[in-house]
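Visitor: I would like to learn how to read a structure like this one with some care, taking a single feature at a time. Could we begin with what it means for two residues to touch?

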Amino acid sequence: MNYIALAQQEAAELIAAAARKVTDLPFAPPQLEAPRPPEHGDWASGLAMKNPKALGINAPQLAEQVVAGLDFECTCFQSAEVAGPGRS
């Protein structure tokens, strides 16, 4: 496995851990994809689109909560942000 694949796996696990922390639901690591165009970031995830209504919130609110719950300590990542609808 190359370093990019390892970083992508780490990012997916980081996102899933944050989602579990803010929702208490068993989120699996999400599929990450490269956004189009590339200036929108390195990877994108549709995790917030998975059942936000069951949580009583909308997808952007869930995404904001997941990003706020990310723990970058001991990772190779520095930041994450929520993109608006259709910005993949």
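Guide: Contact means that heavy atoms lie within 4.5 Å. By that rule T23, leaving aside its neighbours within four places in sequence, is in contact with L55 and L62. Please keep in mind that this is a predicted model, in which local features need pLDDT of at least 70 and side-chain atom pairs count only at pLDDT 80 or more, while totals for chains, interfaces and linings use all residues. Residues are numbered from 1 along each chain as its sequence is written, and side-chain values use heavy atoms, with hydrogens and water left out.

Visitor: Where does T23 lie, and is T23 buried or exposed?

Guide: Helices and strands are DSSP runs numbered from the N terminus (H or I over at least four residues for a helix, E over at least two for a strand). T23 belongs to helix 1, which covers residues 3-23. For burial, the cut-offs are under 20% relative accessible area for buried and over 50% for exposed, with partly exposed in between (1.4 Å probe, protein chains only). T23 counts as buried because its relative accessibility is 12%. I4, also found in helix 1, has 60% relative accessibility and therefore counts as exposed.

Visitor: Which backbone atom lies 3.1 Å from a polar atom of the side chain of T23?

Guide: A polar contact is a pair of N or O atoms within 3.5 Å; within protein, one must be able to donate a hydrogen and the other to accept it, and residues adjacent in sequence count only if both atoms are side-chain atoms. Here the partner of the T23 side chain is the backbone nitrogen of L25, at 3.1 Å. Another case involves D71, in the segment after helix 2, where a polar side-chain atom of D71 lies 3.1 Å from the backbone nitrogen of E73. With a relative accessibility of 44%, D71 counts as partly exposed.

Visitor: At what angle do helix 1 and helix 2 pack?

Guide: Axes are lines fitted to C-alpha atoms, for helices over the stretch in contact, and angles run from 0 to 180 degrees between N-to-C directions. Helix 1 and helix 2 (residues 59-68) have axes 8 Å apart and pack at an angle of about 110 degrees. Under 35 degrees counts as roughly parallel, over 145 as roughly antiparallel, 65 to 115 as roughly perpendicular and the rest as oblique. The two helices, helix 1 and helix 2, are therefore roughly perpendicular to each other. On the helix 1 side the contact is made by I15, A18, A19, V22 and T23, and on the helix 2 side by L62, Q65 and V66. These residues divide into six nonpolar, two polar and no charged.

Visitor: And how is that division drawn?

Guide: Ala, Val, Leu, Ile, Met, Phe, Trp, Tyr, Cys and Pro count as nonpolar, Asp, Glu, Lys and Arg as charged, and the others, Gly among them, as polar.

Visitor: Which residues does P52 touch, not counting residues up to four places away in sequence?

Guide: P52 sits in the loop between strand 2 and helix 2, and on the same contact rule it touches I57, N58, A59 and L62. P52 has a relative accessible area of 11% and so is buried.

Visitor: Which residues does a cis peptide bond join?

Guide: The bond joins R36 and P37, with omega at about -5 degrees. P37 is in the loop between strand 1 (32-33) and strand 2 (44-45). A further backbone angle to inspect is phi of C74, which is near 65 degrees, a positive value in a residue other than glycine. C74 lies in the segment after helix 2 and is exposed, with a relative accessible area of 76%.

Visitor: How should I compare separation in sequence with separation in space?

Guide: Take E81, also placed in the segment after helix 2: E81 and G41 are 40 residues apart in sequence and 9.1 Å apart in space, C-alpha to C-alpha. For D71 and L55 the values are 16 residues and 22 Å, again C-alpha to C-alpha.

Visitor: What pattern does the chain follow, read along the sequence?

Guide: The pattern is α-β-β-α, from two helices and two strands. Of its 88 residues, 28% count as buried, and the C-alpha trace spans about 40 × 30 × 20 Å along its principal axes.
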